[in-house]
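Q: Please take a close look at one part of this model, beginning with a single position in a loop. Then follow the chain outward from there, so that its setting in the whole becomes clear.

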Amino acid sequence: MTQPAPSAQQGGPGAGPPLELGKDDPGPAAPGGTRFFRPDLRTLALLGVLAALILVGGITRPDEFLATTNLQLVLVQSSVIGVVTVGMTFVIMSGGIDLSVGAIVALASVWATTVATQDFGFAGILLTAVLVGLGCGLVNGVLIAYGQMVPFIATLAMMVSARGLALLITDGNTQIVTVESVLDLGSRSSYVLGIPPLVMVFALVTVVGWLVLNRTTFGRRTVAVGGNAEAARLAGIDVRRQRLYLYLLSGLCCGIAAFLLVVLSGSGQNTNGNLYELDAIAAAIIGGTLLTGGRGTVVGSVLGVLIFTTITNIFALNNLQSDVQQIAKGAIIVVAVLVQRRSAQHTT
């Protein structure tokens with residue numbers, strides 16, 4: 001008789017480490033059986049780091065940093081890499097990795113901005129970006145799930161191939177978007193109550209990602225596969241199909257991010273998405289997602305993205321050199337991980 005998929009709350013053999021409050025567990029039951037969300041210490045620590053950065057920005061450049069336009073800029077810049085990071089979080093939680101996300105974003109953006117594609121208008125650009133992302137995710141998923149390739153190797157091959165194809169399509173040139181409806185989406189006139197449409201899309205993807213991870217069988221299976229793939233298989237989970245779906249999800253997020261990048265920049269370039277894979281992995285890790293799989297948090301990953309974007313913005317406003325920015329980012333990662341480790345020791 002096939003057993004039901006183990007969940008993290010049940011502590012089944014395939015569930016991996018227990019899910020923690022404010023991450024993948026919806027929280028303790030309130031009177032009457034209703035559950036509520038309660039942030040854990042890791043989430044609070046990330047919020048503390050973000051608050052400290054905002055304080056630093058407010059002190060060093062109060063007029064510029066706290067300006068509404070600048071805060072909107074920070075959120076807009078977080079949107080593209082944030083959408084990619086949501087997909088990356090799922091992949092890492094399953095015990096995998098995706099090094100091709102930046103290259104997929106580049107390929108999807110240039111394919112969606114060719115002259116032939118732009119003839120189909122807004123819908124053609126959006127659909128092309130999403131389909132290219134899904135196609136690349138499908139290739140990754142098939143190679144890893146059914147071809148038994150190591151995720152690092154499969155996605156590394158996709159990264160190189162996608163970059164090469166993006167360069168071939170553009171011939172090294174920038175493809176300018178001429179579709180007015182796409183360009184208008186990135187203009188200030190399209191803001192709703194002061195909120196840019198790109199930020200709304202980012203928020204929607206984050207909410208959907210959180211719901212899928214915390215409230216669906218798909219999310220529980222992702223945790224189970226990442227915690228112990230063999231135990232998950234014995235419990236009745238089709239591990240290969242689950243992994244295929246996860247890389248499709250990552251590709252979908254890359255396609256959405258590519259469209260957002262096209263709206264933001266008004267063009268498609270083969271250099272788009274440069275180092276997105278490193279930024280997405282770093283944001284997910286400092287957000288509490290284990291590289292070994294079995295535990296992760298969409299909320300933490302999003303906070304990680306906001307932390308990195310805020311750091312970049314503060315350094316730009318203070319005219320600090322790029323090498324100093326990179327050193328500081330590395331230090332922030334180390335500090336954030338140490339804080340999370342200390343928080344974990346207090347909760348055990």
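A: Asparagine 319 is exposed, with a relative accessible area of 64%; here exposed means over 50%, buried under 20% and partly exposed in between, with a 1.4 Å probe and protein chains only. The model is a predicted one, in which local features need pLDDT of at least 70, side-chain atom pairs count only at pLDDT 80 or more, and totals for chains, interfaces and linings use all residues. Residues are numbered from 1 along each chain as its sequence is written, and side-chain values use heavy atoms, with hydrogens and water left out.

Asparagine 319 sits in the loop that joins α14 (298-317) to α15 (322-347); helices are DSSP runs of H or I with at least four residues, strands are runs of E with at least two, and both are numbered from the N terminus. The phi angle of asparagine 319 is near 55°, which is positive although the residue is not glycine. Leucine 193 likewise has a positive phi near 55° as a residue other than glycine. Leucine 193 belongs to the loop between α8 (180-185) and α9 (197-215), and with 84% relative accessible area leucine 193 is exposed.

On the N-terminal side of the loop of asparagine 319, residues 298-317 are 100% helix and 0% strand, and their end C-alpha atoms lie 29 Å apart. An unreviewed UniProt entry lists residues 298-317 as a "transmembrane region", along with other spans including 99-116 and 244-264; such annotations may be inferred rather than shown by experiment, and their positions follow the numbering used here, with feature names shortened. Residues 99-116 are 78% helix and 0% strand, with 29 Å between the end C-alpha atoms.

Threonine 297 offers a link from this region to another helix. The C-alpha atom of threonine 297 is 9.2 Å from that of asparagine 214, although 83 residues of sequence separate the two. Asparagine 214 lies in helix α9 and is buried, at 9% relative accessible area.

Helix α9 in turn helps to cover helix α10: the buried residues of α10 are covered by elements that include α3 (68-93), α9, α11 and α12 (239-265). Those buried residues of α10 (residues 217-227) are Gly219, Thr222, Val223, Ala224, Val225 and Gly226. Threonine 222 has its C-alpha atom 9.5 Å from that of alanine 232, ten residues further along the chain. Alanine 232 is part of helix α11 (residues 229-234) and is buried, its relative accessible area being 0%.

Helix α11 also carries a salt bridge, in which a side-chain nitrogen of Lys or Arg lies within 4 Å of a carboxyl oxygen of Asp or Glu. Glutamate 230 pairs with arginine 233, and their closest N and O atoms are 2.5 Å apart. Because they are three residues apart in α11, about one helical turn separates glutamate 230 from arginine 233. Glutamate 230 is partly exposed at 42% relative accessibility, and arginine 233 is partly exposed at 46%. By this rule the count is one salt bridge.

The interior can be described through its nonpolar cores, which are sets of buried Ala, Val, Leu, Ile, Met, Phe, Trp, Tyr and Cys residues joined through side-chain atoms within 4.5 Å. The largest core has 70 residues, and Val84, Val105 and Ile125 touch the most other members. A second, separate core of five residues includes Val225, Ala232, Ile237 and Val239.

The surface includes a nonpolar patch formed by Val150, Phe152, Ile153, Leu156 and Val160, with about 440 Å² of accessible area together. A patch takes residues with over 30% relative accessible area and no salt bridge, nonpolar side chains (Val, Leu, Ile, Met, Phe, Trp, Tyr) being joined within 5 Å and like charges within 9 Å. Phenylalanine 152 lies in helix α7 (residues 151-170) and counts as partly exposed, at 45% relative accessibility.

Taken over the whole, the chain has 15 helices and two strands, and 50% of its 348 residues count as buried. Contacts, meaning heavy atoms within 4.5 Å, are drawn from distant parts of the sequence: of those with a separation of 6 or more, 75% join residues 24 or more positions apart. The accessible surface is about 15600 Å², with 66% belonging to carbon and sulfur atoms, by the Shrake-Rupley method with a 1.4 Å probe.
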